[in-house]
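User: I'd like to go through this model with you and hear the reasoning behind each label. Could you take my questions one by one?

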Amino acid sequence: MLAGTKKIESLKVGALEARLAASPADVAAAQALRYRVFYEEMGARPSTEMVALGRDFDEFDDRCDHLLVIDHGSGSALVVGTYRLLRRSISEGHFYSENEYDIEKITGVPGEIVELGRSCVDSRYRTRATIQLLFRGIGAYVRAHGVALMFGCASFPGTDIEAVATQLAYLHHRFRAPAELRPRALPAHYTDMNRMPDANIDPRAAWTELPPLIKGYLRAGGLIGDGAVIDRQFHTIDVCMVAKLDQVSKKYRHRYESGASEAVPG
């Protein structure tokens, strides 16, 4: 294990396994997947060193734990999904989300908190099974570390706000975090998510068009902060999500930890 974390159980579904990175080579494989998804597929702008290495990395990686989904079915272990996990106790007082959001209300929550970030799944594996396995891994992680709250940025591909206006409004009206816990986009980055009245939204259609990882967060009981952020480096539209674990309903907690299916929320 890296970053001094506790071991969590390995979780398996068929040929897929979720576990924490256990070596620098594991982290490098996660970074290579991030590079393929963020830069080659989604059009983010890499540094010269990232291009040379074919990996996405930043100063937070060495402080984080890295959750992996690995496909063993091809005869070789292939990392096909990843989440980066940064606990308060190893964060050195800094979180990636602070680049876009005021998270003072989140950091004011007592106890252990964890930031989820740099999430991505290989385009061939964006299925319910893969996403559920990722979130089952997160469930094992937060239990192992007694986490009271998890948060982090999640993304829509592209930078055209109007293309995702319905989805942003759906999240704004149906999934906003309570005021006492709600992160807010920094003034320089703030984009209003209230793009249309709730009555104009078809919730089933809006849910269907959400990115899979945002759906996974919502299934885990996650809620949304105030304001979206256009990230032109990563060519995404970001929202900040937060879940206080003691407020997650038993229904969502069961699905979060077991990977059970569910109907459209909201």
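Analyst: Happy to start with the disulfides: this predicted model holds zero of them.

User: How do you know that Cys 153 is in no disulfide?

Analyst: A disulfide needs two cysteine sulfur atoms within 2.5 Å. For Cys 153, the nearest cysteine sulfur belongs to Cys 240 and is 4.8 Å away. Seen from the other side, the closest cysteine sulfur to that of Cys 240 is the one in Cys 153, and 4.8 Å is too far for a bond.

User: Why does Cys 153 count as buried?

Analyst: The label applies under 20% relative accessible area. Cys 153 has 16% relative accessibility, so Cys 153 counts as buried.

User: And what makes Cys 240 buried?

Analyst: Here the value is 0% relative accessibility, so Cys 240 meets the criterion too.

User: What makes strand β3 mostly covered?

Analyst: Of the seven residues in β3 (residues 65-71), seven are buried. Asp 65, Leu 67, Val 69 and Asp 71 point one way, while His 66, Leu 68 and Ile 70 point the other way, and all are buried.

User: How do you know that β3 pairs with β2 and with β4?

Analyst: Pairing takes at least two bridges between the strands. Strand β2 (residues 16-20) shares five bridges with β3, in the antiparallel sense, with Leu 20 opposite Leu 67. β3 and β4 have seven bridges, again antiparallel, and Asp 65 stands opposite Leu 85 in β4. Both pairs therefore meet the cut-off. In the hairpin of β3 and β4, six residues lie between the strands, and Gly 75 takes a positive phi near 95 degrees.

User: Why is α7 called mostly covered?

Analyst: Seven of the eight residues in α7 are buried: Leu 213, Ile 214, Lys 215, Gly 216, Tyr 217, Leu 218 and Arg 219. Gly 221, which follows the helix, has a positive phi near 90 degrees.

User: What makes up the lining of the largest pocket, by class?

Analyst: The lining has 20 nonpolar, five polar and eight charged residues. In all, 33 residues line the pocket, and Phe 38, Met 42, Ser 119, Ser 155 and Leu 213 lie nearest its centre. Among the elements that give two or more residues to the lining are α1 (24-41), β4 (78-87) and α7 (212-219). β6 gives the most, with seven residues. The volume of this pocket is about 600 Å³.

Key
Residues are numbered from 1 along each chain as its sequence is written. This is a predicted model: local features need pLDDT of at least 70, side-chain atom pairs count only at pLDDT 80 or more; totals for chains, interfaces and linings use all residues. Side-chain values use heavy atoms; hydrogens and water are left out. On a 1 Å grid over the protein atoms alone, a cavity is a set of points where a 1.4 Å probe fits but cannot get out, and a pocket is an open set with protein on both sides within 12 Å along at least five of seven lines; lining residues have an atom within 4 Å of a point. Grid points are joined across faces, edges and corners, and a volume is the space filled by probe spheres set on the points. Helices (H or I, at least four residues) and strands (E, at least two) are DSSP runs, numbered from the N terminus. Ala, Val, Leu, Ile, Met, Phe, Trp, Tyr, Cys and Pro count as nonpolar, Asp, Glu, Lys and Arg as charged, and the others, Gly among them, as polar. Buried means under 20% relative accessible area, exposed over 50%, partly exposed in between (1.4 Å probe, protein chains only).
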